[in-house]
Structures are given as structure tokens and as C-alpha cells.
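I opened a fresh page to write down what I looked up, one stop at a time. Pull up a chair and follow along.

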Amino acid sequence: MDPFSAEGELLTVHNAFHQGQYQAVLDFDTSSLSESNVIPARVLKSRAQIANGDAKGAISSIQKESAPDFAAVKAFAQYSLGDTSAATKQIEQLVESSSENATVQILGGIVLQADGRTEEALSLLSKHQGNLEAIALITQIHLQQNRTDLALKEVSAARKWAQDSLLVNIAESWVGMRVGGESYQTAFYVFEEMAQTPSSTSTKSLVSQAVSELHLGRLPEAEAALNQALQNAPKDIEAIAN
């Protein structure tokens with residue numbers, strides 16, 4: 001069973017991560033998880049730690065681990081700290097030895113794309129076996145390439161077999177923000193629900209709601225959402241930028 005599926009035991013922590021609820025991810029109790037899900041859960045926790053600005057702590061906590069998953073996390077943390085040369089070298093080695101590993105695909109794809117190696121990132125991510133985060137990242141890369149047609153194709157295919165997925169909803173909303181028109185309103189509904197529901201709200205979702213409000217021309221509502229985001233996280237770069 002996919003641990004991130006509707007029936008999987010990692011669905012809650014997986015959704016929390018992609019909603020930007022990083023503290024909830026760090027607080028997630030892993031003591032009762034099945035053995036096969038311990039590493040994926042620890043990877044999410046390490047990524048949440050990095051997202052919260054503690055990349056050094058993330059590296060320290062996995063320093064003695066040897067699995068490819070943790071090597072990919074370490075490389076990702078190094079990249080976020082500015083040690084791009086060591087990080088990309090590590091990712092290159094992991095791509096050579098462990099390209100079928102889902103964590104290597106995701107974090108390797110992120111690092112390669114950040115390093116300007118788009119085709120290599122897409123090649124690595126395309127090896128996924130139904131991984132919705134890989135699909136979301138491929139969609140994001142296509143949008144960065146201004147290939148809305150390819151991004152739309154990616155999410156439309158995923159929608160056929162992952163109808164209730166949070167990640168598909170988010171990726172579809174990214175595409176909608178690029179397509180415009182009625183799609184702005186559809187994207188707004190997704191981001192508003194995430195931002196205003198107590199169990200899913202976060203600075204990240206509030207900023208997403210604000211951006212969709214801006215596209216709809218609702219400036220006071222956008223300002224209110226951004227102010228709420230800044231109250232939660234006064235130093236959040238995306239909230240300040242918008």
C-alpha cells in the first residue's frame with residue numbers, strides 16, 4: 001500500500017508537510033509506524049526541519065545514517081546552506097547508484113532544477129512510479145519553462161487516478177493560476193480552504209490564498225491574508241515579497 005494514499009498511515013503527516021505545517025510534521029509521533037514507513041516519515045521530518053531554517057540540525061540528526069534517502073536529505077540540506085558544489089556532486093552520485101529511490105528522485109530533482117539542470121531534473125523525476133510529489137514537481141518545472149500545455153497534461157493525467165489528492169489539487173491550482181480566467185476562482189477555492197481551515201492553515205497557504213486574491217482583483221482580501229501570514233511568521237520571505 002502507498003503510505004501516502006488515503007488509506008496509508010503517512011497521509012496526515014504528508015499532507016501537513018505540503019500544506020506548510022512544518023511544526024506539525026516535526027511533532028508527528030512515529031512510534032507506532034510500521035517498519036517500512038519509518039524512513040519516509042523521518043525524511044519528511046528532516047525536510048520540515050530544513051524548511052524551518054534548521055538545515056544544520058537536519059544534517060546532524062542523520063549524520064550516521066547510510067540509506068540513500070538520508071544521503072539525499074543531506075545533499076538537499078547542504079544545497080540550502082549554500083554548499084552547492086558538494087550537494088550537486090552527492091546528488092550526481094546518488095543518481096548513478098539509486099535513481100529508483102523515491103527520495104533521491106524528489107530531492108535530486110529539486111537540487112538539479114535549482115542548479116539550472118532542468119533536463120536532468122525532469123529525467124530523474126520521470127522515473128517515478130506513481131509518486132504524486134514527483135508529478136507536482138514536474139508540473140512546477142513545466143510552468144517555470146512556460147510550458148503550460150505540458151503542465152496541464154501532467155495534472156490532468158494524475159487527476160484520473162488520484163482524484164482526492166491534496167497534491168493534485170495544489171498542482172492543478174498552480175496551473176490554473178497560469179491559465180487564468182475562471183481557473184483563478186477554482187484555484188482560490190483550493191487555497192482558501194487550506195488557509196482558513198484550522199487543521200490545515202499555515203503561512204504558506206495564506207500566501208497562496210493572497211496571491212489568488214490578487215489575481216481576482218480583490219486587493220483588500222489579499223492584504224488581509226498577507227497580514228495574517230505576517231502575524232504568524234513576521235520574517236517569512238514569501239509573505240514579505242507579496
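My entries follow, from the core outwards to single residues.

**Entry 1: the main core**

I started by noting that this is a predicted model. My first lookup was the largest nonpolar core, which has 31 residues. The residues with the most contacts inside this core are Ile-50, Val-73, Ile-91, Leu-94, Ile-106, Leu-107 and Leu-125. Next I listed the elements that give two or more residues to the core: helix 3 (38-51), helix 4 (55-61), helix 5 (68-80), helix 6, helix 7 (102-114), helix 8 (118-125) and helix 9. Which helix gives the largest share? I found that helix 5 does, with eight residues.

I then picked Ile-50 and left aside its neighbours within four places in sequence. Ile-50 is in contact with Ala-55, Ala-58, Val-73, Phe-76, Ala-77 and Ser-80. Apart from the largest core lies another one, of 12 residues, and I jotted down Ile-135, Ala-158, Leu-167 and Val-168 as being among them.

**Entry 2: helix 5 against helix 7**

I looked at how these two helices sit together. The axes of helix 5 and helix 7 come within 9 Å and cross at roughly 20 degrees. Angles under 35 degrees count as roughly parallel, so I logged helix 5 as roughly parallel to helix 7. The crossing of the two is left-handed.

On the helix 5 side I wrote down Pro-68, Asp-69, Ala-72, Val-73, Phe-76 and Tyr-79. These meet Thr-103, Val-104, Leu-107, Ile-110, Val-111 and Ala-114 in helix 7. Sorted by class, this contact of helix 5 with helix 7 has 10 nonpolar residues, one polar and one charged. I was pleased to see two familiar names here, since Val-73 and Leu-107 take part in this contact and are also listed with the most contacts inside the largest core.

**Entry 3: Gln-78**

I stayed in helix 5 for Gln-78. Is Gln-78 buried or exposed? Its relative accessible area is 17%, and the cut-off for buried is under 20%, so I filed Gln-78 as buried. Leaving aside neighbours within four places in sequence, Gln-78 is in contact with Ile-59, Asp-83, Ala-86 and Ala-87.

**Entry 4: helix 9 and its two partners**

I took helix 10 as the partner to begin with. Helix 9 and helix 10 pack at an angle of about 160 degrees, with their axes 7 Å apart. Over 145 degrees counts as roughly antiparallel, and therefore helix 9 is roughly antiparallel to helix 10. I noted a left-handed crossing for helix 9 and helix 10. From helix 9, Ile-135, Ile-138, Thr-139, His-142 and Leu-143 meet Thr-148, Leu-150, Ala-151, Glu-154, Val-155 and Ala-158 in helix 10. The residues of this contact divide into seven nonpolar, three polar and one charged.

Then I turned to helix 11 (residues 166-179), whose axis comes within 9 Å of that of helix 9, with a crossing at roughly 10 degrees. Helix 9 and helix 11 are therefore roughly parallel to each other. Here Leu-132, Glu-133, Ala-136, Thr-139, Gln-140 and Leu-143 in helix 9 meet Leu-167, Val-168, Ala-171, Trp-174, Val-175 and Arg-178 in helix 11. I counted this contact by class as eight nonpolar, two polar and two charged residues. Thr-139 and Leu-143 appear in the contact with helix 11 and also in the contact with helix 10.

**Entry 5: a loop residue with an unusual sign**

I checked Asn-146, in the loop between helix 9 (132-144) and helix 10 (148-159). Asn-146 has a positive phi of about 60 degrees although it is not a glycine. Most residues other than glycine have a negative phi. With 59% relative accessibility, Asn-146 counts as exposed.

**Entry 6: three last residues**

I found Gly-130 in the loop between helix 8 and helix 9, partly exposed at 30% relative accessibility. Gly-130 and Lys-160 are 30 residues apart in sequence and 12 Å apart in space, C-alpha to C-alpha.

Lys-89 sits in helix 6 (residues 84-98) and is exposed, at 52%. I looked up its C-alpha separation from Ala-75, 14 residues apart along the chain, and got 8.5 Å.

I closed with Glu-182 in helix 12 (residues 182-196), which is exposed with a relative accessible area of 73%.

Note on methods:
Residues numbered from 1 in each chain as written. Predicted model: local features only at pLDDT ≥ 70, side-chain atom pairs only at ≥ 80, totals over all residues. Heavy atoms only, no water. Helix = DSSP H or I, 4+ residues; strand = E, 2+ residues; numbered from the N terminus. Buried < 20%, exposed > 50% of the residue type's maximum accessible area, 1.4 Å probe, protein only. Core = buried A, V, L, I, M, F, W, Y, C linked by side-chain atoms within 4.5 Å. Contact = heavy atoms within 4.5 Å. Axes fitted to C-alpha atoms, helices over the stretch in contact; angles between N-to-C directions. Parallel < 35°, antiparallel > 145°, perpendicular 65-115°, else oblique. Left-handed = near helix turned anticlockwise from the far one by under 90°. Nonpolar A, V, L, I, M, F, W, Y, C, P; charged D, E, K, R; others polar.
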